[in-house]
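Me: I would like to learn how to read a model such as this one, feature by feature. Could we take the general idea each time, and then the case in hand?

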Amino acid sequence: ESIQNIEKTTRKIMNFSFNPDSEEASAKYGLVVGHVQSGKTANFTGLLARAADSGYNLFIVLAGLHNNLRLQTQVRLMRELMGKELHPKGHHVSPPLNYDWNMMTTKDDDFIGLPDYGALTGSLSRSMAVVKKNKAPLTKLYELLMSIPKTKREKINVMIVDDESD
């Protein structure tokens, strides 16, 4: 029942979202709310997976103000969305051969950036940042995005999720 509910709600949200296959530049905004311990993270993880399959290629998850909340979200998304598990000592298990996600944040770092902006503009490439809502990491993310030439930046399909809505 839970899986069917996630499938139904994520499909409904995606139907209201921007179509990345559209030639027109556009922005859409929405708000989805849920009760405490109601499965919001599972739902937005499913939404991110569906959006990635639909052509979105940059995902920014705003994970509150504190390290523990950011770390919890980072680890969960790496495991449930990207298929990356952490060994008990904090080392990553090798990702599957078809792994195509670029992480802009790590378990220990608020923001590491990307090797080049091509990682954001490739048609099969997906990049994710799980960022605290603090000035330093948000400024680094902004500066990275502004360093991309406008013609390339306009081709990036972004989905932003505010996990804590504080």
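Me: Which helices each supply at least two residues of the lining of the second largest pocket?

Reply: Rolling a probe the size of a water molecule over the atoms shows where empty space is left. In this predicted model, helix 2 (40-54) and helix 3 (67-80) each supply at least two residues of that lining, and the largest share, four residues, comes from helix 3.

Me: How much space lies in the second largest pocket, and which residues that line it are the closest to its centre?

Reply: The second largest pocket holds about 340 Å³ of space. Of the 13 residues that line it, the closest to its centre are Gln-37, Thr-41, Gln-72, Arg-76 and Asp-163. Sorted by class, the lining has six polar, four charged and three nonpolar residues.

Me: Where in the chain is confidence lowest, and where is it highest?

Reply: Where pLDDT is low, the predicted coordinates should not be read in detail. Here the lowest confidence is in helix 4 (residues 118-121), with a mean of 62, whereas strand 1 (residues 58-62) has the highest, at 92. Over the chain the average pLDDT is 81, and 81% of the residues score at least 70.

Me: How many helices and strands does the chain have, and what pattern does it follow along the sequence?

Reply: There are six helices and four strands in the chain, and read along the sequence they follow the pattern α-α-β-α-β-α-β-α-α-β. Among contacts between residues at least 6 apart in sequence, 71% join residues at least 24 apart.

Me: Let us turn to single residues: is Lys-132 buried or exposed?

Reply: Lys-132 counts as buried because its relative accessible area is 9%, which is under the 20% cut-off; of the 166 residues of the chain, 35% count as buried. Lys-132 is found in the loop between strand 3 (126-131) and helix 5. Its side chain makes a polar contact with the side chain of Asn-67, at 2.5 Å. Leaving aside neighbours within four places in sequence, Lys-132 is in contact with several residues, among them Gly-64, Arg-70, Asp-110 and Pro-137.

Me: Why does Lys-140 count as partly exposed?

Reply: Lys-140 has a relative accessible area of 43%, and it is partly exposed because that class lies between the cut-offs of 20% and 50%. Lys-140 is found in helix 5 (residues 135-147). Although Lys-140 and Gly-113 are 27 residues apart in sequence, their C-alpha atoms are 7.9 Å apart in space.

Technical notes:
Residues numbered from 1 in each chain as written. Predicted model: local features only at pLDDT ≥ 70, side-chain atom pairs only at ≥ 80, totals over all residues. Heavy atoms only, no water. Buried < 20%, exposed > 50% of the residue type's maximum accessible area, 1.4 Å probe, protein only. pLDDT = per-residue confidence, 0-100. Polar contact = N/O pair within 3.5 Å; in protein donor to acceptor, adjacent residues only side chain to side chain. Contact = heavy atoms within 4.5 Å. 1 Å grid on protein atoms, 1.4 Å probe; cavity = no way out; pocket = protein on both sides within 12 Å on 5 of 7 lines; lining within 4 Å. Points joined across faces, edges and corners; volume = space filled by probe spheres on them. Nonpolar A, V, L, I, M, F, W, Y, C, P; charged D, E, K, R; others polar.
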